[in-house]
Amino acid sequence: MPEGPEIRRAADKLEAAVAGKPLTHVWFAFPELKAFEAPLTGAQVERFETRGKALLTHFSCGLTLYSHNQLYGVWRVVKAGETPQTTRSLRVRLETEDAAVLLYSASEIEMLDADGVAAHAFLQRVGPDVLDMSLTVEQVKERLLSPRFHRRQFSGLLLDQAFLAGLGNYLRVEILWQAQLAPRHKAIELNNTQLDALARACLEIPRLSYQTRGTVDENKHHGALFRFEVFHRAGKKCRRCGGIIEKTTLSSRPFYWCPGCQA
């Protein structure tokens, strides 16, 4: 399943295609959304906002389209008037003079006003987005040490969208390797240096993945390219300590770590 960096990159593509241009055609598959087709025609998409794995499409008229892809939903960018051949079910079409963005197969789609966004159950439940550049290391530390999270093992905590939105399995694995922590550890057990390292990794790893568009360069040992240090590297040597990377299953997901330096 895509994680925060992949969702944000998809949002960037949608924004580049249609944002700031008058909508010439709006179509929704769900009957409860049909009434919004006419009011949105002529309006503009102002921006696409990610909240973890949810997407908020903000329109110039004050409305916001909430969508969550779950397992099967996917957005596509096509030329205006184009309808790709696919077995997927089209849910949303937002079209300008030049391009259209299409949402297929998603089941969670709602139209909200500002109050609806503020009161939405999922949006209230998720934590701050790791790709929100205003989120700081100190704020992540505060969340780690909060009564709600400080006794949670990191194996589960780093998959919980209520802690930080946008984290997922490959990010969980890479963050814990970067911070040299084992998945059984809890924030309440860490010293300040360890807390700093974990909080910093929770932001730096997903942001580097987003900024480098997920590029993995196995031959580049320094610089700004993102690469997997442990994910999908079971049986290979750890680049930090030379230990052998192992694989297991934690929280129903494959987990990779180095027993040598993640004590």
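Phe149 is buried in this predicted model. Its relative accessible area is 3%, under the 20% limit, which is why it counts as such. Phe163 is buried too, at 0% relative accessibility.

**Aromatic pairs**

The structure holds eight aromatic pairs. Phe149 and Phe163 form one of them, and the geometry is edge-to-face. Their ring centres lie 5.3 Å apart, with 70° between the planes. Phe149 sits in the loop between α5 (137-145) and α6, while Phe163 sits in the loop between α6 and α7, so the pair ties together parts that are 14 residues apart in sequence.

A further pair joins Tyr170 and Phe231. Here the centres are 6.2 Å apart and the planes stand at 50°, so the pair is tilted. Tyr170 belongs to helix α7, and Phe231 to the loop between α8 and β9. The two residues are 61 residues apart, and the pair links distant parts of the chain. Both Tyr170 and Phe231 are buried. Ring pairs also connect Tyr170 and Phe231 with Phe228 and Tyr256, giving a cluster.

| Pair | Centre to centre | Angle between planes | Class |
|---|---|---|---|
| Phe149 and Phe163 | 5.3 Å | 70° | edge-to-face |
| Tyr170 and Phe231 | 6.2 Å | 50° | tilted |

**Helix α7**

Why is helix α7 largely enclosed by the rest of the structure? Ten of its eleven residues are buried, so the surroundings cover most of the helix. α7 runs over residues 169-179. Its buried residues include Tyr170, Leu171, Val173, Ile175, Leu176 and Trp177. Polar or charged names appear as well, among them Asn169, Arg172 and Glu174.

Which elements do the buried residues of α7 pack against? Three are helices: α1 (4-18), α6 (154-157) and α8 (192-211). The others are strands β9 (246-250) and β10 (253-257). Trp177 also has a charged partner: Arg240 lies over the face of its ring, at 3.8 Å from the ring centre. Gln180 follows α7 and has a positive phi, near 55°.

**Trp257**

Trp257 is found in strand β10. Its relative accessibility is 16%, and it therefore counts as buried. Leaving aside neighbours within four places in sequence, Trp257 is in contact with Val230, Ile244, Ile245, Glu246, Lys247, Thr248 and Gln262. Trp257 and Pro183 are 74 residues apart in sequence. In space, their C-alpha atoms are 8.6 Å apart.

**The four-stranded sheet**

In what order do the four strands of the open sheet run? The order is β1-β6-β7-β5, and the pairing is antiparallel. β1 (25-28) and β5 (74-79) are the edge strands, each paired on one side only. Neighbouring strands of this sheet are turned by 20° against each other on average, direction ignored.

Strands of a sheet pair through backbone hydrogen bonds, either parallel or antiparallel. β6 (residues 90-95) and β7 (residues 99-104) pair in the antiparallel sense over five bridges. Within this pairing, Glu95 stands opposite Ala100 in β7.

Helix α1 packs on the sheet. α1 touches β5, β6 and β7. Its direction makes about 145° with that of β7. α1 is also one of the elements that the buried residues of α7 pack against.

Key. Residues numbered from 1 in each chain as written. Predicted model: local features only at pLDDT ≥ 70, side-chain atom pairs only at ≥ 80, totals over all residues. Heavy atoms only, no water. Buried < 20%, exposed > 50% of the residue type's maximum accessible area, 1.4 Å probe, protein only. Contact = heavy atoms within 4.5 Å. Pairing = 2+ DSSP bridges. Axes fitted to C-alpha atoms, helices over the stretch in contact; angles between N-to-C directions. Phe/Tyr/Trp six-rings, centres within 6.5 Å; stacked < 30°, edge-to-face > 60°. Lys NZ or Arg CZ within 6 Å of the ring centre and 35° of its normal.
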